[in-house]
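Please open the model in a viewer and keep the selection panel at hand. The stops below follow one strand and its neighbours, and then turn to the aromatic rings.

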Amino acid sequence: MLQPVGSGKSYSLLLQKKHSISFSHILIKLILWIVLSLAALITHAQSGRIAGTIYSASNEILYNITVSLEGQNKFTQTDAEGNFVLDDVSAGRHVVLATGVGYSAKSDLVSVADGKTTYIRLVMDISRTTLMEVVVRSPRKIIVQSASATRTNTLLKDLPQSIQGISRATIEEQQLYRLEDALKNVAGVNISSSYGSYNFRGFITNSGSFLTNGIKGSAYPEGVSPSLANIEKVEVLRGPTAILYGENAASGNINMVTKQPKKITTVNARVSAGSFSLYRAQADLTGSLNKKKSLYYVAGLGFEDGGRFTKHFDNNNLLLFGSLKWEAGQRTAWQLNATYNRDRSSGNYTPDLPFYEGRLFSVPATFFTGASDARYKGDSYQLQSILSHQLSRNWSLNLLLGLSKSRADRVHYDHNDFVDPNTNEVERTKYISVMEEPVKAINLYTNGKFSTGMIHHTLTGGVDLNFYNGAYPEGFSIYGASPINVVNPDYKPYIPPSGFPDWYYASSEKFTTNTYGIYFQDQLSLGEKWKAVLGARFNHYHFYYRADSVSYDNFATYIEEPENTTAFIPRAGIVFQPSAVVSLYADYSTGFIPQYSNTKIYGGPFDPERTHQVEVGFKGDFLQHRLVPTIAVYQIIKNNVLKSDPTPDQPMRQRPLGEVTSRGLEITVTGNIAKGLDLIANYAFNDTKITKSNEADEVGTRFDNSPKHIASLWATYTLPENWIKGVQLGIGHRYTSDRYISNRRPDQQNVLMLPQYQVTDAMLGYRYKQYSLALNINNIFDKTYALGSYWSRSYFPGAPRNWLLTLGYSLR
């Protein structure tokens, strides 16, 4: 059964409701008005612009380099990708000067024409003065700014919120290919299910809530982990993000920033081979399409075959991606992003294992519950349009459009009980369906800068509309399949008897989830040491569901009454910076989550979940951005959390809990702490419990899949050039404490538990000019461990020891 966006359960009875009002004419008028408005606002520029990228002599991107015009009070700094832009430069000849600690100053004479952008590429040499003692290696792994939290490029130290990034450099060092693998570098995040949901600060965030370039809608269906082949960086936003993005993600969210077009020609290619018959290829190309360099692109692919340690489980997928950017004038830019994903696998969920008499690891980790006819044939695509126009020096208008659509033909087997120790068999169900998931997103907003007295404002305000219209157009069927022996499995297909399925049937199902929001956010600068963020959002949420010939309603057409939910969501935060390298912050934010299990089958309707979060923290930015520590302490209170409460008449019944509270601490240190030595270190403590309930003995119950302690370390060391030039060593270690498989009451002694685990990874790399060779070994001590659990009847194991050898080529 199709899950709505943000839902974590894959049942057809997760019923949604279809909107009866068409918004097509409203959207067409809105888009037409925007296009005509932008066309009318574009005027002939009286000045030009200088843009460029700065590299080191070893071809590394340089961040935080100061770029200025000689003899003028106009300057900027390069961003995390080494890029810079100088706007409103008068026509004529100018000397561009680049300076940075540890590097010799570099200058270049450029000519600027009215309404044109002059692009330059500067290469800076390491200083041979006493500054040589300063660490000079480019901190490519350290992400110190983000646009996803505020829709403005803002330094993380200026935000009253904990945000952590995973850079492309880290992705390539660890040879990561899936999002779930990248999150091992983030404090306090762990996988909670096999269908694409993650635990943030004790609560679940589902992959349907994730963002791509700050736009709702994923290029991947439920259960398919996003590929990193086209990702430049991953941003993890902790705490509620409802001001900008509406419902869901009460305890955190993820924004995936795709690879961006570049004006210069670059080539990156990698081929890999590894354990479990894994073969992988990745490549991308950038460059300009015209002499003015006003039209430029990135295009690439990712391919993977094999790599699953589960026996009889095929895995084959292809990713094609591209992005085109057009600078239509000095004030206007338009970017089009496209992604296509093709999956041909035995399933879209991570294979899980049944318990054997309540014990873990008794069933072989390679066991597959399915059969030879299990399949997942999925095709999905995503299109994004990003239009930006500078109305004036301080105001801009932006329009984001997103369209994601997937179609999948699926035959899936699942076990629904423990293994019978007398027969070594486990009962199974068989699911047959074709599912479609289209998502449309529209976001129109403005950014502006102005002052009121001594207070400087950066204002963001806008409206966003999101439309989800999922369906099982060819119906959905669930059969009670034949059991399978876990010791001697027979993978022949289960052939259902004639007639209707014995578990569930619908000839078709249609789902609609529509959201509409109006929001504003003001970033205030209150002098040199104080900053603040104030914001609010009004959100409307609409549900509709219809099932034809549904078996639980005497094969009649079942239509739920449409549900409408509204919410007002405020936020307030403040930052105190006693020095240029230290930030202390406090934040209060709220959020809401509509109930997806909200129909009469579940005992609904229910009021939506409401969240309230308080967070205080410390951020440092030392050694020219080469040491960035963050500490966050938080409390999240959620009301109306649903809990399974079955009865003989309503086996799917749920009831709301009064209050669940999550408290915790997160510590992150990212840095280039010595010459050639980089590290990413994380620690998180979390305690999530039921604090109010209409059943007194539930108070104090610890939530499932919520480890109290998570810690990780990744460190790399590049050998000095006078030793062995181009050699890099890496070591990583992860620790996750025990977790309960189901909610555990204080007086319970027999709740199943996933034991704590520790896993160590290693890397050896070598680079010669444009070529690289890397060997990664994961779980080098071959530990047996469980990543997460699903519905108290199964768990999914971590991968045994495995290796990956990668040959790369990079031209910049």
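Two strands are taken as paired if DSSP finds at least two bridges between them. The model on display is predicted, and the tour applies that criterion to it throughout.

**First stop: strand β32**

Select residues 530–550, which make up strand β32. Of its 21 residues, 15 are buried, and the strand is therefore mostly covered.

**Second stop: the partners of β32**

Add residues 563–579, strand β34, which runs antiparallel to β32 and is joined to it by 14 bridges. To see one point of contact, pick Val533; its bridge partner in β34 is Gly573.

Next, add residues 508–525, strand β31. This strand is also antiparallel to β32, with 18 bridges between the two. Here Asn514 may be selected together with His542, its bridge partner in β32. Follow the chain from β31 into β32: the two form a hairpin with four residues between them. Within that turn, select Gly527, whose phi is positive, at about 90°.

Finally, show residues 556–559, strand β33, which pairs with β32 in the antiparallel sense over three bridges. Val550 has Ala556 of β33 as its bridge partner.

**Third stop: rings on β31 and β32**

How many aromatic pairs does a search of the whole structure find? The search returns 19. For one of them, display the side chains of Phe511 and Tyr545, a tilted pair with 5.3 Å from centre to centre and 55° between the planes. Phe511 belongs to strand β31 and Tyr545 to strand β32, so their pairing ties together parts that lie 34 residues apart in sequence. Both Phe511 and Tyr545 are buried.

Now select Tyr541 and Phe543. Their ring centres are 5.0 Å apart and their planes stand at 70°, so this pair is edge-to-face. Tyr541 counts as buried because its relative accessibility is 1%, and Phe543 likewise counts as buried, at 0%.

**Fourth stop: a cluster of rings**

Keep Phe511 and Tyr545 in view and add Tyr431, Tyr472, Phe476 and Tyr504; ring pairs link these residues into a cluster.

**Last stop: charges over rings**

Which ring lies beneath the charged end of Arg121? Select Tyr55: the charged end of Arg121 sits over its ring, 4.1 Å from the centre. Then move to Arg201, which lies over the face of Tyr634 at 4.1 Å from the ring centre.

How values were computed. Residues numbered from 1 in each chain as written. Predicted model: local features only at pLDDT ≥ 70, side-chain atom pairs only at ≥ 80, totals over all residues. Heavy atoms only, no water. Buried < 20%, exposed > 50% of the residue type's maximum accessible area, 1.4 Å probe, protein only. Phe/Tyr/Trp six-rings, centres within 6.5 Å; stacked < 30°, edge-to-face > 60°. Lys NZ or Arg CZ within 6 Å of the ring centre and 35° of its normal.
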